[in-house]
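User: I would like to go through this structure by way of its helices, domains and chains. Please show it first.

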Amino acid sequence: MKRRSFVQASMALGSLGTLGSMVGCTSVGRVPEKARVVVIGGGYGGATAAKYVRMLSNYKIDVTMIEPNGEFVSCPISNLVIGGSKTMADITTPYDKLSGKHGVNIVRDYVVSIDAAKKTVTLASGPSIRYDKLIMSPGIDLMFNTVEGLKEANASGQILQAWKAGPETLALRKQLESMDNGGVYAITIPEAPYRCPPGPYERASQVAHYFKQHKPKSKVLILDANQDVTSKGPLFKKFWADNYKGILEYMPQHKVMAVDAKTNTLKFDVQNDVKANVLNVLPAMRAGGIAVQSNLANVNARWCGVHYQTFESTQAKDIHVIGDSILLAPLMPKSGHMANSHAKVTASAIVAQLSDMPVNPSPFLSNTCYSFLNDKMVVHVASVHQYDDKDKTYKTVPGSGGVSSVPNELEGIYAWNWAQNIWADTLM
Amino acid sequence: MPSLGIPRDGIYFFVDIFMLTDLFNLSYEVNMKTTSSRVARLCVTAAMTASIGTAANAQQTATQLHNRATAAMCANCHGTDGRTIEGSAIPSLVGMPKDYMVLQINAFKNGSRPATVMHQITKGLTDAQIDTISNYYAATKR
């Protein structure tokens, strides 16, 4: 009762704008014995959750976020770095506001194990941290072993994924820059679900745009394990036909089984081998490694089942899983915007639960996803997902959502502004 | 529901706690004689307000929390608490007058205001959600 009253009194104060306690109350990098809320992962889901638990509790609930990277590098917009119209600096944001402005204690480390019974996480560097609530946003794990020869070819730096934005993003750009005019870039796409459904088609468009400007004899091949383009299909195909004819070729029903690094060749289950100068293989994906190891990926050993009202795991109490690791509700994409939305519903639920208050009975989520077709022209897909208390899942609201009518430059401006605003909402 | 009204000499003071009536389906009436001590009356009223205040505050605080999280669904594009980054083409919502915001959202929703994406997003919102969101940003200081 004492704790509840304290939090509620603090929140009442906070609502009047008294945030005096937030500055200078935390140290960065300290490993505490205990935190009310521990967050694993500092991406779109984890960083937003950490910030919003702090904000929604009016800075009264302490949060420790564990993230191995020193800076946030965005996957959305990273295809423009590969295409050459943006730089790594453009897609990189420091974590200093999350700690300095919002008082999130950031520990730069990995979590190697979770004890759901004792409610502790153990770091790679050794110490353990106790929690009342654990938020896991570990993103995706790339299943290199599903494609023979890929693990080694990726480790050597020859065949890149660049699906987790970072050093491989720049390395892939360099491979394209050093490729001769007349060379071939081939990207393979795994069966859905995977992170960022339209992402591979956007990337192929960016590479085609680069080739058209600088290496017009070169070719882009899309080798897709799916039956057809999985997102914004008609918009992508029309733009390719109108703008990248003779440069970009789309081939559905191509499921890659193996790579031969010596000859830079892709092998498929049925179709003929494909040889290319630059290979970009996206293997099948599953929940982030720590979620799989901790037995939270209880759906086909790939995705984490959650109670959608609070994002609490269906496997373990007081562990909430958000972002790309979860089993999706129908028509919900694996996207950064969606992870940011999951994080807010979860942060609100956790603040309520830790304060003995009722959880929001009817949360909703929104998603907006922009794809660049060249350096300026953009198309979007948008959706709204309302929680249905009867069926305990999210349902898209009938009549809501949709895609762009045509590719347009106005949405190119909005897309870049979307990125800057969501980075600020997630991290600043 | 229980009433604590105790008639004494026909003239009463009533303290009706509307919030509590809504929340807990209880109805309290504190009735006191005009002749009773003014100090005692104030003490009783203060005690009632304190205990009732805690419960009412709890619900109010929960509702505030839910509303703030609901409004945060706009923040991905329109900035935390409606504050976009410097030079953003996507407008800030902070401090926007409520009646204006409700009109604009409904104009997107019914198609009378053209949009790139907002006509699709707003069709997913109920009147109650539009009210909550508009209230929140109107009440947030620039």
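**Helices, domains and chains**

Analyst: The model is predicted. In chain B, the axes of helix H4 (residues 98-109) and helix H6 (residues 127-139) come within 9 Å and cross at roughly 140 degrees.

User: Which word describes how H4(B) lies to H6(B): oblique or roughly antiparallel?

Analyst: The axes of H4(B) and H6(B) cross at roughly 140 degrees. Angles over 145 degrees count as roughly antiparallel, and 65 to 115 as roughly perpendicular. The crossing falls in neither range, so H4(B) is, to H6(B), oblique.

User: Is the crossing of H4(B) and H6(B) left-handed or right-handed?

Analyst: A crossing counts as right-handed if the near helix is turned clockwise from the far one by less than a right angle. For H4(B) and H6(B), the crossing is right-handed.

User: How many nonpolar residues are in the contact of H4(B) with H6(B)?

Analyst: H4(B) brings Lys98(B), Met101(B), Val102(B) and Ile105(B), and H6(B) brings Ile130(B), Ser134(B), Asn135(B), Tyr137(B) and Ala138(B). Of these, 1 is charged and 2 are polar, while the nonpolar residues number 6.

User: At what angle do the axes of helix H2 (residues 44-56) and helix H10 (residues 336-354) of chain A cross?

Analyst: H2(A) passes H10(A) in a right-handed crossing. Residues of H2(A) that meet H10(A) include Tyr44(A) and Leu56(A), and those on the H10(A) side include Gly336(A) and Val351(A). The two axes come within 8 Å, and their crossing angle is roughly 35 degrees.

User: Which helix gives the largest share of the side of domain 1 of chain A that touches domain 2 of chain A?

Analyst: In chain A, domain 1 is assigned to 2-141 + 286-362 + 414-427 and domain 2 to 144-282. Their centres, taken over C-alpha atoms, are 32 Å apart. The contact takes 18 residues from domain 1 and 19 residues from domain 2. On the domain 1 side, the largest share is 6 residues, and it comes from helix H3 (residues 78-83) of chain A.

User: Which helix gives the most to the side of chain B that touches chain A?

Analyst: Between the chains, 28 residues of chain B are in contact with 40 residues of chain A. Helix H2 (38-71), helix H3 (75-78) and helix H5 (118-122) of chain B each supply at least two residues of the chain B side. By class, that side has 13 nonpolar, 13 polar and 2 charged residues. The most, 9 residues, comes from H2(B).

Methods. Residues are numbered from 1 along each chain as its sequence is written. Chains are lettered from A and ligands numbered from 1 in the order in which they are written. This is a predicted model: local features need pLDDT of at least 70, side-chain atom pairs count only at pLDDT 80 or more; totals for chains, interfaces and linings use all residues. Axes are lines fitted to C-alpha atoms, for helices over the stretch in contact, and angles run from 0 to 180 degrees between N-to-C directions. Helices (H or I, at least four residues) and strands (E, at least two) are DSSP runs, numbered from the N terminus. Angles under 35 degrees count as roughly parallel, over 145 as roughly antiparallel, 65 to 115 as roughly perpendicular and the rest as oblique. Two residues are in contact if their C-beta atoms, placed from the backbone, lie within 7 Å. Ala, Val, Leu, Ile, Met, Phe, Trp, Tyr, Cys and Pro count as nonpolar, Asp, Glu, Lys and Arg as charged, and the others, Gly among them, as polar. Domain bounds come from an automatic or database domain assignment.
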